[in-house]
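This report examines a single protein structure, moving from one residue to the elements around it and then to the whole chain. Please keep the sequence and the structure in view while reading.

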Amino acid sequence: MKYFPYVLSVLSLGFVLQVRAQHPVRVVSGMIAWDDGTLTPKENKYKLFTDSLDRNLQTHPKDTTSLFFRALLYLRFNSIIANPDLSSTKATNNLRTAKAMTDRADSLKMKSFYLKVLRAEVCRELARRYAPVDVWRCTDQQAAERKKKYLYYMDLANKYYDELAVLDSENAYDYQKLKVKSDY
């Protein structure tokens, strides 16, 4: 009983350190990471957060922080690691939504290095979605359309990675390594 105030203090401090104003985001090896201790966050674990972001974006469509975090979650939930099915149109549509959100945040003059990394990574994931892996299922016209989209997102991702290599010259090797190589 005499140690109760000390135990209470330690527990309170631990709780305060766990509660943060924003979710931990960092760049690791040129890729943006949602630092929650897992390789990819579980969608159901962040349902309340995504719902809150969606509601906030409906009422405040110019909120760049909400645009950033929602795009980041779209990327994490629909990356190749989280959803490896390249033919999944839901994942591709979510990644396109993330791309639109990052473009919107950029057009609203969001000055964040993380946004630049996120934009490059979203384009990289989109290029992977249109990679020629399952072209055998497509007609010639569909294959040509996929190739066009693949090359578009590949060029965009590579352009963004080149810009990042200049901005963050200490980690330029990481960005050059992440550039999309042409599979066509």
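Leucine 75 is buried in this predicted model, because its relative accessible area is 0% and the limit for a buried residue is under 20%. Leucine 75 belongs to helix α3. Leaving aside residues up to four places away in sequence, leucine 75 touches Ile32, Leu95, Leu118, Glu121, Val122 and Glu125. Leucine 75 and lysine 99 are separated by 24 residues in sequence, and their C-alpha atoms lie 9.0 Å apart in space.

**Salt bridges**

Side chains of opposite charge can pair when their charged atoms come close. In the whole structure, a search finds 7 salt bridges. Three of them are listed below.

| Pair | Closest N to O distance |
|---|---|
| Glutamate 121 and arginine 76 | 2.7 Å |
| Aspartate 103 and lysine 99 | 2.5 Å |
| Lysine 179 and aspartate 162 | 2.8 Å |

Consider the salt bridge between glutamate 121 and arginine 76. Glutamate 121 lies in helix α5 (residues 113-129) and arginine 76 in helix α3 (residues 64-77), so this pair ties together parts that are 45 residues apart in sequence. Glutamate 121 and arginine 76 are both buried. Glutamate 121 is also one of the residues that leucine 75 touches.

Aspartate 103 and lysine 99 form a salt bridge inside one helix, α4 (residues 89-107), where they stand 4 residues apart, about one turn of the helix. Are these two partners buried or partly exposed? Aspartate 103 counts as partly exposed because its relative accessibility is 28%, whereas lysine 99 counts as buried because its value is 10%.

The salt bridge of lysine 179 with aspartate 162 links distant parts of the chain, 17 residues apart: lysine 179 is in the segment after α7 (172-178), and aspartate 162 is in helix α6 (residues 140-167). Lysine 179 is partly exposed, with a relative accessible area of 21%. Aspartate 162 also counts as partly exposed, at 33% relative accessibility.

**Helix α4**

What span should the 19 residues of α4 have at 1.5 Å a residue? The expected value is 27 Å, and the end C-alpha atoms of α4 are 27 Å apart, so the two agree. At the N-terminal end, serine 88 caps α4: one of its side-chain oxygens lies 3.2 Å from the backbone nitrogen of alanine 91. After α4 comes lysine 109, which has a positive phi, near 70°.

The buried residues of α4 are Ala91, Thr92, Asn94, Leu95, Ala98, Lys99, Met101, Thr102 and Ala105. They pack against α2 (47-59), α3, α5 and α6. Leu95, which is buried in α4, is among the residues touched by leucine 75.

**The whole protein**

The protein contains 7 helices and 2 strands. Along the sequence, these elements follow the pattern α-β-β-α-α-α-α-α-α. The chain has 184 residues, of which 40% count as buried. Among contacts between residues at least 6 apart in sequence, 67% join residues at least 24 apart. The protein exposes about 11,200 Å², and carbon and sulfur atoms supply 57% of that area.

Notes:
Residues numbered from 1 in each chain as written. Predicted model: local features only at pLDDT ≥ 70, side-chain atom pairs only at ≥ 80, totals over all residues. Heavy atoms only, no water. Buried < 20%, exposed > 50% of the residue type's maximum accessible area, 1.4 Å probe, protein only. Contact = heavy atoms within 4.5 Å. Areas by Shrake-Rupley, 256 points an atom, 1.4 Å probe, with all protein chains shown as cover. Salt bridge = Lys/Arg side-chain N within 4 Å of Asp/Glu carboxyl O. Expected span 1.5 Å × (residues − 1). Polar contact = N/O pair within 3.5 Å; in protein donor to acceptor, adjacent residues only side chain to side chain.
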